Amino acid sequence: MPRDPNLFRVTLLGTGAPPPVLDRFGPSTLVEAGSQKFIFDAGRGAMQRLHQLGIPFADITGMFLTHHHSDHVVGFPDLWLTGWIGRPWGRRNVPLPVWGPKGTKQMMEHLPLAFAVDIRVRSHNYPLDGVKLLPVEITEGVVFDRDGVKVTAFEVDHFAEQLPAYGYRIDYAGRSAALSGDTTFNENLIAHAQGTDLLVHEVTAASGSAAESAAQLKRISANHTTPEQAGEVFTRVKPRLAVYNHLLLFGGATAEDLIPATRKKYSGPLAVGQDLLQIDIGESVEARQFREEK
Ligand SMILES: [Zn+2]
């Protein structure tokens with residue numbers, strides 16, 4: 001199939017968090033730029049969502065991890081191993097580069113040990129190269145630059161030094177998208193995302209009794225961003241579209257609460273992400289819900 005060189009599309013594969021719910025799978029984002037495709041984080045269900053899009057894992061150029069919290073990586077073994085199987089949704093036959101923070105090498109060296117029996121048995125049928133992992137541990141700066149796609153990692157603030165965490169900015173054909181990863185309000189993100197076309201940002205909200213939600217918020221806002229704080233981020237970054245993903249909702253808080261809270265600080269274009277929301281970045285920046293053809 002001929003590729004569209006102008007394609008620059010971000011698809012939210014999963015917009016959820018640790019709660020094991022069906023409507024929001026774990027955090028994972030697909031970025032398509034020209035002929036290349038990248039997955040950022042691999043939460044629960046990433047493989048199913050990719051399959052819903054009709055994209056075989058063989059087509060994925062590489063993976064990027066923002067940090068190592070389990071809700072961002074538990075879907076990885078599924079993508080990696082199911083994606084190796086020689087069926088239409090898999091068929092990977094070349095090694096997979098995986099960029100991520102310190103700890104990525106350890107994870108990518110040990111996963112093949114954990115699945116050694118499966119790999120040994122299936123390698124009679126499928127090429128061993130297709131299950132090889134090529135981990136690259138990153139620091140802040142340009143981490144990928146090929147065929148017109150540049151990926152820049154920037155440090156964010158999620159549990160401070162206890163857990164290295166990055167956001168990513170993807171530049172392609174004069175346009176850009178930035179992904180926050182998991183972070184509390186962060187000046188470095190604002191600097192790196194400056195003027196981006198699309199900013200996909202995490203968010204947390206709590207409601208319930210005043211005391212309860214104040215205590216919850218104090219705890220989680222040390223590591224995550226409230227809608228009021230995100231509103232300030234968006235106002236300063238001025239993206240052509242801001243989209244929430246990785247919704248961490250506590251108490252009785254719902255996705256509907258996010259927009260009014262953000263509007264206290266931000267009046268620009270804003271959408272609350274759902275799984276399989278697709279955003280095309282071009283002359284305009286447009287979001288629409290992907291629907292499977294049945
Ligand atoms: Zn996290």
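## Close-ups of a predicted model

Phe38, Phe40, Phe64, Trp99, Phe144 and Tyr168 come together as one aromatic cluster. Keep in mind for every view here that the model is predicted.

**View 1. The aromatic cluster and one of its pairs.** Across the structure there are 14 aromatic pairs. Take Phe64 and Tyr168: their ring centres are 5.3 Å apart and their planes meet at 65°, which makes the pair edge-to-face. This contact bridges distant stretches of chain, with Phe64 sitting in strand S4 and Tyr168 in strand S9, 104 residues apart. And are these two rings buried or exposed? Phe64 has a relative accessible area of 0%, so it is buried. Tyr168 is also at 0% relative accessibility, which puts it under the 20% cut-off for buried.

**View 2. The zinc ion and its protein donors.** Four residues reach the zinc ion here: His67 through NE2, His69 through ND1, His158 through NE2 and Asp182 through OD. Their distances from the zinc ion run from 2.2 to 2.3 Å. What would you call the geometry of the site? It's irregular, with angles among the four donor atoms that range from 83 to 172°. A tetrahedral label would need every angle to lie between 85 and 135 degrees, so the 83 to 172° range here doesn't qualify.

**View 3. Where the zinc donors come from in the chain.** Read along the chain, the donors of the zinc ion are spaced as H-x1-H-x88-H-x23-D. His67 belongs to the loop between strand S4 (62-64) and helix H2 (76-82), while His158 belongs to the loop between strand S8 (149-155) and strand S9 (166-172), so this pair ties together parts that lie 91 residues apart in sequence. Both of these histidines are tucked away: His67 is buried at 0% relative accessibility, and His158 is buried with a relative accessible area of 0%.

**View 4. Two arginines over phenylalanine rings.** Here the charged end of Arg49 sits over the ring of Phe25, at 3.9 Å from the ring centre. For Arg92, the charged end sits over the ring of Phe57, and the distance to the ring centre is 5.4 Å.

**View 5. Strand S8 and its two neighbours.** S8 is mostly covered, with five of its seven residues buried. On one side, strand S7 (residues 141-146) pairs with S8 in the antiparallel sense through five bridges. Look for Arg146, whose bridge partner in S8 is Val149. The hairpin of S7 and S8 leaves two residues between the strands, and Asp147 takes a positive phi near 50° there. S8 also runs antiparallel to S9, and seven bridges join the two. One spot to find is Lys150, which has Asp171 as its bridge partner in S9.

**View 6. Strand S11 with S10 and S12.** How much of strand S11 (residues 198-207) is buried? Nine of its 10 residues are, so to speak, indoors: the strand is mostly covered. Strand S10 (residues 175-179) pairs with S11 in the parallel sense over three bridges, and Leu179 finds its bridge partner in S11 at Val200. S11 also pairs with strand S12 (residues 241-251), again in the parallel sense, over 10 bridges. For a handy landmark, pick out Thr204, whose bridge partner in S12 is Leu248.

How values were computed: Residues are numbered from 1 along each chain as its sequence is written. This is a predicted model: local features need pLDDT of at least 70, side-chain atom pairs count only at pLDDT 80 or more; totals for chains, interfaces and linings use all residues. Side-chain values use heavy atoms; hydrogens and water are left out. Donors are N, O and S atoms within 2.8 Å of the metal (3.2 Å for Na, K and Ca); water is not among the atoms, so sites may look incomplete. Four donors count as tetrahedral if all angles lie between 85 and 135 degrees; four count as square planar and six as octahedral if opposite donors are over 155 degrees apart and all others between 65 and 115; anything else is irregular. Helices (H or I, at least four residues) and strands (E, at least two) are DSSP runs, numbered from the N terminus. Buried means under 20% relative accessible area, exposed over 50%, partly exposed in between (1.4 Å probe, protein chains only). Rings of Phe, Tyr and Trp (its six-membered ring) pair if their centres lie within 6.5 Å; planes under 30 degrees apart count as stacked, over 60 as edge-to-face and the rest as tilted. A charge sits over a ring if NZ of Lys or CZ of Arg is within 6 Å of the ring centre and within 35 degrees of the ring normal. Two strands pair if DSSP finds at least two bridges between them.
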